[in-house]
Structure formats: C-alpha cells, structure tokens
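I am keeping these notes while I look through one protein chain, going from the whole to the details. The entries follow the order in which I looked things up.

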Amino acid sequence: MDDQNKNLILATALSFVVILVWFIMFPPPDPVEDPNAPAITAEATQPAAATPNAAADAGAATNTADVVETKDAPRVDIATDRLSGSISLLGGRLDDLHLNDYRETLDENSPTVTFLAKRGEPNAFYALYGWAPGAGLSLDQVPGANTEWSLESGSTLSTTSPITLKWDNGNGLTFRRTFSIDENYMFSVNQSVQNSGSETVSLAPYGTLTRHGEPQDLKNFFILHEGAMRQLSEEREDIDYSDMQDFGVDPVWGPGADVEQVSGNGWTGFTDHYWMAMLIPNSDQPFTSVLRYSPQVDTYEAIARFPTMTLAAGETKNMESRLFAGAKEWEAIRNYQNESGIYRFLDTIDWGWFFFLTKPIFAVLHWLNALIGNMGWAIIGLTVLIKIVVFPLAYKSYASMAKMKELQPQMEKLKEAAGDDRQKLQQSMMELYKKEKVNPASGCLPILIQIPIFFSLYKVIFVTLELRHAPWVGWITDMSAPDPSSIINLFGLLPFAVPELGFFEIFSLGILPILLGISMWLQQKLNPAPTDPTQQMIFAWMPWVFMFMLGSFASGLVLYWITNNVITFTQQYLIMRSHGYKPDVFGNIKSSFARKAKSGD
C-alpha cells in the first residue's frame with residue numbers, strides 16, 4: 001500500500017471519525033417547556049361557527065381541542081390479543097389504547113406501552129370523528145367533541161365483535177358510528193347519517209388526530225423523523241413539530257394551518273419513533289388534509305375532512321375510512337400496503353436518503369431473524385451475506401494489494417532514482433502500475449463501500465421497531481441499545497452498579513466495543529506500519545478512537561462491525577497468501593510494541 005493509498009484511507013477514516021464525534025459531542029438539545037406558556041382552558045379552544053354557505057368547508061367547525069374530559073362518561077372496552085383500552089361515549093373518542101406486546105422497559109414488571117391517552121393525562125393523544133355542518137344545519141345539530149353518544153350494538157370492541165354508537169340530534173338526523181378492528185392495529189370506522197326530516201341538509205364527515213404538546217420521549221435526532229406525516233397522492237410530506245408551529249394563516253382554517261387537497265391515495269397523521277397513528281381514507285377517496293397547531297393550548301392536529309354531502313329527506317349516506325393506531329411493525333405495514341392497497345404505507349418507516357439500501361437490508365435482516373429466531377445471529381448472518389455480495393470487488397482489491405507488496409522493492413528503487421524530483425517519481429510509478437496492471441487505489445474500495453452500508457445499517461437499527469428489546473446472548477438483551485456491560489466494574493464482577501457518567505459515558509466501555517477495537521487493531525497488522533511518523537501515529541490510534549466513539553452505539557451496529565472486521569481479516573489474509581504474499585501479522589505486532597518500547601526509552 002503506497003503513501004497515496006494510505007492518505008486516501010486516512011482521509012476517509014478521519015472524516016468518519018469527525019461525523020461520529022459530532023454525533024456524540026453535539027446531540028440535539030432536549031425540548032424545553034416554556035414556563036410562561038398560557039394555560040389550557042376550554043374557553044380558549046371553543047370552535048368558531050361555520051357559516052351556512054361555507055357549509056362543511058369551514059375548517060373551524062372541526063376544531064376538536066374543545067374536548068371536555070368527564071371522568072364519569074361511559075366507555076366501551078377494546079380487547080384484542082394485541083390491543084387493550086376503551087372508547088369514550090363522550091364524543092365517541094378513541095383516547096385509551098395500550099399496546100399489549102410492548103413494554104416500556106425490559107423489566108418484566110414494566111407496564112405496557114400507552115399510545116393513546118385521555119386529555120388531562122401525560123402525552124394526551126386521541127382520535128375523534130365528527131361532522132361539520134353546512135346549509136340547513138348549525139354546529140349543535142351535528143356530533144362533535146362533546147356529543148354524548150349511546151351504545152346501539154355490541155359490548156366490547158374485538159376482532160370478531162364491532163360496536164355501533166348512535167346519536168339523534170332531535171331534528172330529524174340520526175348519526176351512527178361503527179368501529180371494527182383487525183388482528184393487528186387497523187380500525188375501520190363507518191360514519192353514517194340518516195335524514196328522517198323534511199328538509200335537505202348539507203354536512204361533511206371528518207376525522208382528526210389531536211396531540212397535546214410534543215411527546216415526552218421525543219428523540220429529536222436528525223436521522224429520525226418524528227412529527228406529522230402525510231401522503232398527498234404522489235408526494236409525501238414529513239413535517240416536524242417545530243415546523244408546524246411556523247404555519248401561517250389559512251383563509252378557511254385560520255391561523256397555524258397548512259391545507260392540501262388530496263385527489264386520492266392519501267393518508268395523514270403523526271409518527272413517533274416506534275409507534276404511529278394515521279387517518280386513512282379509501283384509496284380513491286378525495287379529501288382535504290389539514291395540519292394545524294394551536295399555540296394557545298399547545299395542540300397539534302392532523303385532520304382528514306371529506307367532501308360535503310347533500311342529504312335529501314329520507315336519505316341515508318355514510319363514509320368509510322380507516323385508522324391505524326399502533327406499532328410500526330414492518331411486516332404488518334407491508335401487508336397493509338400490498339394487500340389492503342394503502343399507497344406507499346411502508347414509507348411511514350423513515351428509511352432515509354439511502355432507502356435503496358436500507359429497505360433491502362432490513363428485508364433480508366427480517367427474513368434471517370424469522371429463519372434463525374435471534375436478531376443478533378441474524379445481524380451476523382446479514383454481514384456474511386453482504387461480504388459474499390461484495391466479495392468479487394474485495395478479491396480484486398486484496399489481490400491488487402498483494403501485487404503492490406510484490407512491487408515494493410521496485411518502488412523503493414524508483415524512489416532512490418528519482419531523489420527529490422516528485423514529478424519524475426510519479427511518472428515512473430504510473431508507468432510501473434500500467435506495466436504490472438495494478439490499480440493503487442483499489443485497496444480503498446472496500447472501505448468506500450463499507451461506509452454507506454454502515455450508515456444504512458445504523459439507520460435500520462435506529463429506526464426499526466424489530467430491534468427494540470431484541471436479545472442476542474447473555475448480557476446483550478437489547479440490540480437497539482449500547483452494550484450494558486462496563487469495564488468500570490469489570491463487566492459485573494465487582495459488586496456495584498456503574499453510575500451515570502453523562503458525557504464520560506464513552507469511557508464506560510462494554511465487552512463489544514473492546515472487541516471492536518481489538519478486531520480493528522488486528523486488521524491493521526496485516527500490513528507493516530506506514531513509514532511516515534504522522535501517518536504511523538494516526539493509524540496506531542485509530543482502532544482505539546473508534547472503540548470509544550462506537551462504545552455508545554447500538555449493540556447491533558457494533559456486532560455488525562466486529563463481524564465485518566473478522567471476515568475482512570480472514571479474506572484479506574487468505575487472498576494475499578494465495579497471491580504469493582504472506583502477511584507477517586505477528587511480526588507487525590512485535591514491531592509495533594518494539595517501537596513503543598524504543599520511544600519509551
């Protein structure tokens with residue numbers, strides 16, 4: 001490996017180190033609550049009345065922030081294998097939902113994840129459906145946030161038992177709302193209205209998701225989108241909570257609103273790290289998508305408002321839509337996209353800029369996990385498959401490196417002949433490379449390929465739910481979290497727990513990061529140390545810098561890198577030997593210690 005090759009590798013590696021240091025030294029700040037923010041009051045959120053001619057086009061009529069929490073309001077239970085909770089008959093709100101398969105922590109006594117919560121509770125978040133009044137109707141003649149519904153049929157919402165709510169406005173209109181649910185996280189909502197009066201009326205159905213404040217567990221990490229998300233036919237928008245606060249004034253929907261007309265193939269809602277709630281109209285259904293922020297009460301809303309219906313006397317009309325509320329499981333979401341026709345629903349998982357890598361990488365990882373039954377071994381298997389795919393390129397690279405070693409004596413002679421004439425040396429080197437058919441930069445190709453794969457796998461491990469709380473072996477019980485062992489207490493041998501160290505947590509190294517550093521160090525020993533003192537020092541420190549930098553990264557990512565290093569070491573050693581060059585690993589190790597001992601003298 002000549003000096004130019006080493007410089008390129010060095011520059012690539014140092015750029016990588018800079019990125020890692022930036023991640024750790026400058027994480028995004030935690031959200032800070034404004035102590036001077038106005039208190040939430042029901043009066044401050046009272047919706048404006050819709051004008052008769054505006055019909056249901058007036059967005060103010062779908063303001064749901066005026067929900068009044070009544071503890072005594074009757075509720076209908078939700079009970080499936082995967083979900084539990086209840087629907088309040090006050091407004092017919094879905095505001096109590098727990099994910100039975102997921103716990104907040106690894107503790108077996110930890111409570112299950114609460115996804116939707118009532119107003120007045122921490123992280124209040126709920127779904128509400130209603131009708132906006134049009135010609136011939138006033139706001140109190142249509143169901144809204146505080147309508148008291150009655151249970152017409154069903155007793156408990158389950159996969160085999162839907163429920164129907166009913167409300168009669170006393171003026172000839174009877175409203176019904178039927179909820180059903182599948183075996184995962186998809187609710188079907190049928191809103192119907194029957195006109196038994198003598199007058200023709202106009203009104204429009206809507207659905208809304210309302211979130212009070214930002215989530216308390218907001219990651220605020222730039223590689224992950226958390227906030228509003230909507231599909232607008234062929235275009236998808238990801239809008240952070242902070243950006244929603246900058247919305248301007250819409251002439252119909254008022255201040256803090258962003259309005260888009262969707263012709264079909266659309267959905268809208270909010271996505272968290274591992275969970276999401278999405279309002280999903282039928283694929284051929286046009287609707288108005290509204291995202292709105294109300295600073296007075298600190299609420300974020302995602303609204304799907306459907307076209308106005310004209311209802312003649314004696315007529316009944318209904319509107320079908322769906323609501324996804326649950327975990328962002330890849331297989332379930334993929335099935336909803338492919339089998340239920342929800343357009344680009346798999347993109348609710350944040351695959352990032354390298355989606356052309358992250359999507360297939362996770363698909364293979366998911367397949368291996370299903371085959372093996374262990375996410376850690378699946379990551380090792382994925383690494384092996386990646387190395388097989390790039391092996392032809394690696395073979396060519398390592399073969400070229402072996403050839404470069406053979407040319408080392410000739411290169412030294414050219415350096416002596418050229419003296420200080422660097423231009424002459426370069427010309428002589430290029431002629432030698434051309435004659436021997438050697439590409440001096442080919443040794444860098446495996447590193448250049450590895451960087452996008454590394455970042456893609458990092459993205460996959462960070463954003464996908466399937467690695468959350470996924471065990472490997474022994475002490476590794478969560479592949480999405482850093483190695484919990486620590487050198488400070490000798491990996492649990494000493495009888496005390498490691499205290500919180502803040503920034504200095506990077507020095508609390510676990511077993512996997514240490515193995516990573518050793519594997520990188522051994523990989524370096526396949527080649528003699530650079531002759532340049534500066535390069536020699538940087539290459540000597542590089543494995544240990546990476547060891548500390550990656551010590552706080554997810555265990556799954558560190559495991560991938562260790563496996564990659566071991567396979568790379570083996571491949572490089574065998575390929576170089578097959579081309580006549582025998583790497584003196586032990587000799588290089590001895591020489592490195594000899595240099596250290598000499599420098600110490």
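**Entry 1: a bridge partner.** I began with a single pair, and found that T114 in β4 is the bridge partner of H98. I noted at once that I am reading a predicted model, so that I keep this in mind in every later entry.

**Entry 2: the strands around that pair.** I then looked up the strands themselves, and saw that β3 and strand β4, which covers residues 112-116, pair in the antiparallel sense over four bridges. On β3 I also looked for another partner, and found that strand β2 (residues 83-88) pairs with strand β3 (residues 93-103), again in the antiparallel sense, over six bridges. Which residue of β3 stands opposite I87? I found L94 in that place. I followed the chain from β2 to β3 and noted that the two form a hairpin with four residues between them, and that G91 in the turn has a positive phi of about 85 degrees.

**Entry 3: the whole chain.** I stepped back to see how much structure there is, and the count came to 13 helices and 22 strands. Of the 601 residues of the chain, I read that 52% count as buried. I also looked up how far apart in sequence the contacting residues are, and among contacts with a separation of 6 or more, 67% come from residues 24 or more positions apart. The chain exposes about 27,800 Å², and I noted that carbon and sulfur atoms supply 57% of this area.

**Entry 4: α10 against α12.** Two packed helices are described by the angle between their axes and the distance between the axes. I looked up helix α10 (residues 511-524) and helix α12 (residues 555-578), which pack at an angle of about 25 degrees with their axes 9 Å apart. Angles under 35 degrees count as roughly parallel, and α10 and α12 are therefore roughly parallel to each other. I recorded that α10 passes α12 in a left-handed crossing. The residues that make the contact include L512, P513 and L516 of α10, and V558, W561 and I562 of α12.

**Entry 5: α5 against α12.** I next turned to helix α5 (residues 375-389), whose axis comes within 9 Å of that of α12 and crosses it at roughly 40 degrees. The two helices are therefore oblique to each other, and I noted that α5 passes α12 in a right-handed crossing. Among the residues that meet here, I listed G376, I379 and I380 in α5, and G556, L559 and Y560 in α12.

**Entry 6: V558.** I picked out V558, which lies in helix α12, and asked myself whether V558 is buried or exposed. At 4% relative accessibility V558 counts as buried, because buried means under 20%. Leaving aside neighbours within four places in sequence, I found V558 in contact with L512, P513, L516, L550 and F553. I also looked up M547, which is eleven residues from V558 in sequence and 9.4 Å from V558 in space, C-alpha to C-alpha.

**Entry 7: T268.** My last stop was T268, which has its place in strand β17 (residues 266-271). T268 counts as buried because its relative accessibility is 0%. Not counting residues up to four places away in sequence, I noted that T268 touches several residues, including L209, M229, R230, A277 and L291.

Conventions. Residues are numbered from 1 along each chain as its sequence is written. This is a predicted model: local features need pLDDT of at least 70, side-chain atom pairs count only at pLDDT 80 or more; totals for chains, interfaces and linings use all residues. Side-chain values use heavy atoms; hydrogens and water are left out. Buried means under 20% relative accessible area, exposed over 50%, partly exposed in between (1.4 Å probe, protein chains only). Contact means heavy atoms within 4.5 Å. Accessible areas come from the Shrake-Rupley method with a 1.4 Å probe; for residues, only the protein chains shown count as cover. Two strands pair if DSSP finds at least two bridges between them. Axes are lines fitted to C-alpha atoms, for helices over the stretch in contact, and angles run from 0 to 180 degrees between N-to-C directions. Angles under 35 degrees count as roughly parallel, over 145 as roughly antiparallel, 65 to 115 as roughly perpendicular and the rest as oblique. A crossing is left-handed if the near helix is turned anticlockwise from the far one by less than a right angle, and right-handed if clockwise.
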